[in-house]
Amino acid sequence: MKRAAILLLVSIASIGATWAAFQVLAPGAPPLSSYFPAGSLLYLQAKDFSVLVADWNASPQKASWVKSKNYEVYSRSRLFLRLQGAGQQFAAAAGLSPDMNFLTQVAGTQSGLALYDIGKLEFLYVTKLPSASSMQSALWQTRAKFETRSAAGVTFYVRRDPESEREVTFAINGDYLILATREDLLAGALQLMTGNKERSIEAEQWWSQSVAAAGPAGDLRMVLNLEKIVPSPYFRSYWIQPNITDMKQYSAAVSDLFRSSKEYREERVLLKKSAIAGNATANDAANAVAELVRLAPADTGTYEVRASPSAADCLNVLETKILEPHRGPATTQQTAPEVQLSSGETGSSSDLETRIDQAPLKTPASSDASGSLKDLFQKSQVRALLQVQATERDKDGVYVRIHSGVAFIAATDWPENTVRSTFVDFLRPSLTTGNLGLQWQAKSGYQELDGLWSFAVAVRGKYLLVSDDSSLLKNMFANMNQKPAQMPAVLVAGFHHARERENFARLTGLLGRPNANPGGPAASEAYPQFFSDNLASFSSALAGVSLQTIVIREASDRVLQTVTYEWSR
C-alpha cells in the first residue's frame, strides 16, 4: 500500500512537470490587439473588463455620483445628448438597449475596443467570454432578427436601422464575442483571428512606437493615434482640456492604469513628432524641481513645482497669489460662454443698486514697479518655481481664509537687500501714500513687514521664499534640512483632496449663494452653480480620494507622466 502511494505521488509529479514544460513550450494566444484591423484612432484594452464593470456598479462613488449635481449638469451637456442619441440609434439597429445590463452580459475577461470614427462612434469590440455565457446574452437571443453573413468560415449576424442607417453586427468565435457597428470591421476581425495576413493595428507606426515606449500593460490600457485625433473637430469640441495647440506636438500616446486597494496609478507616455536635443540648462532645472518640492509642507492643500519658468511667469504667480490678489482688469476670454438654462427671469432686485448715471470704475494700469521685479527674476535666472496654497477656517468657523506661499530657486544667490527694496517699491503705491507698513522687521529666519497686511520674505542663498502667512513660510523653510526624495522632473504637483474638500464646499457655498432674496429670481434658479453645486458635488462623490499627485518628466523624444490617486480607505 505504501509503495502504491509513493508510485502515485511520483506519477502526479511527473504529469505536473510534463504539463508545466508543455505550457512553457506551447505558443501562447496572440495578443487581443492582433485581431483589430488597421485604421483605428483609439484602442482600449482591459485585463478583466467584467471585474471593472462589477467594481464600478458596486462602488459608492457611482451611487453618489448619479445623484449629484455634477451628474445633473452632465446629463444636460451636449456630450451626454450626443452619446444618448448614439445609444438610441444602436438600440434601433440592434433591437435592444445598450444599458448597463447589456454591458454586464457582454463583458468578458480580456477585452479590447477600437474606435474608428469619433463622430459616428464606429467601433469594434472583442472580449474573451465563454461561448456558453455569450449564448445566454440578450444579444444572442435576438439573433433571429438579424441577417446572417460569413467571413473566414465563421457565421456572423448583421442588422441595420433604415432610418439612421446604423448597423450592428456580432459573432461568436470560440470563446470570443465580437461586436461592431460596421460589417467590414467584424469581417476583418474574423479574418485576422483565423490567421489571415491582413493588416492589423499592430502593423501601424503609431501603435508600435507607443507600445514599445510604454512599460508593462496596466489593468486598463489606452493607445491613441494623436495625429488623427487632434485635428478632428469632435476632439476640439469635446476635449475637456483647452490645450489643443500643445497636443499638436505629439504623434501618439499610451496610458496604463494600475489599480490597487490603496491607490490608482496612471502611467502616460506621449511621443513627440520631432525629437528635441537635451541641454545642461534643462537638466539643471529638472534637478532644481527635485530640490524645491521638498519645501512644500506635508499638510498643504495644493502645491506645484515647475522647471524653467520665465521671468514673466514668476512675476505673474507672485502677483496673483500674494502681491495683488484683488480685482483687476478682466481677463480676455478665449472660449464662448456656456448657456445656462433657467426659468426665464433676467436680473434680480440687487441690480437696482447698480448706478447707470455714472461711468463704470476703471482700474488704473499698474505702475512700472513690476518692471523692477521682472528684471530681478531675469538676472537671477530662476531654475524652478514652487507655489503652495492652503485654506483654514477662521476662529468662528464661518469664513475660509486662503494662504499662499511661493518659492524660487535661482542659478545664483539672491541679493537680499535688493529683494526687500524691490518688494517695497512694488507694494508702496497700493498700500500707502507714505511709508507706513513698509518697514521690515527681523524675525526668526525671515523678514516681515510691520503693517496690518501680512507679508513675509526669507532669503537662503539661492532660495527665495515669499508668503502672505508667516506660519506657512516657516513650515516651508523648515524642510530645507530634508534630503531631496523626488527624482528630477519638469513638473511635480499635488492636491490634498481630503484636507481641502470641506473648506472648498464651504467657501464656494458662501460665494455662490443667491443674493439673499428668497422670493426673487435667484432663488428660483434651477441650474446648479458651477463651483458650489457642480464641482462640490463631484468632490463629494470622490470623497474617498485623499490625495492626487502628478509627476512629469521629459526626454528628447517623449514626455512621461505619472498620475497617482491615493484612497483614504
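## Helix 14, strand pairing and nonpolar cores

In this predicted model, helix 14 buries A285, A286, A288, V289, A290 and L292. These buried residues pack against five strand segments, namely strand 11 (302-307), strand 12 (382-393), strand 13 (400-410), strand 17 (463-467) and strand 18 (491-495). Helix 14 itself comprises 13 residues (residues 280-292), which should span 18 Å at 1.5 Å a residue; the end C-alpha atoms lie 18 Å apart, so the expected and modelled spans agree.

Strand 10 (residues 263-272) has two antiparallel pairings, summarised below.

| Strand pair | Sense | Bridges |
|---|---|---|
| Strand 9 (residues 250-259) and strand 10 (residues 263-272) | antiparallel | 9 bridges |
| Strand 10 and strand 20 (residues 558-567) | antiparallel | 9 bridges |

The connection from strand 9 to strand 10 is a hairpin of 3 residues. Within the pairing of these strands, F258 has R265 of strand 10 as its bridge partner. Towards strand 20, E263 stands opposite E566.

The nonpolar interior can be described through its cores. The largest nonpolar core contains 35 residues, and those with the most contacts inside it are F90, F102, L139, V168, F170, L179 and L226. Leaving aside residues up to four places away in sequence, L179 touches F90, F102, F123, L124, Y125, L139, V168, T169, F170 and L186. A second core, separate from the largest, has 32 residues, including A171, A180, A252 and V269. In soluble globular proteins, nonpolar side chains tend to be buried together.

Definitions and conventions:
Residues numbered from 1 in each chain as written. Predicted model: local features only at pLDDT ≥ 70, side-chain atom pairs only at ≥ 80, totals over all residues. Heavy atoms only, no water. Helix = DSSP H or I, 4+ residues; strand = E, 2+ residues; numbered from the N terminus. Expected span 1.5 Å × (residues − 1). Buried < 20%, exposed > 50% of the residue type's maximum accessible area, 1.4 Å probe, protein only. Contact = heavy atoms within 4.5 Å. Core = buried A, V, L, I, M, F, W, Y, C linked by side-chain atoms within 4.5 Å. Pairing = 2+ DSSP bridges.
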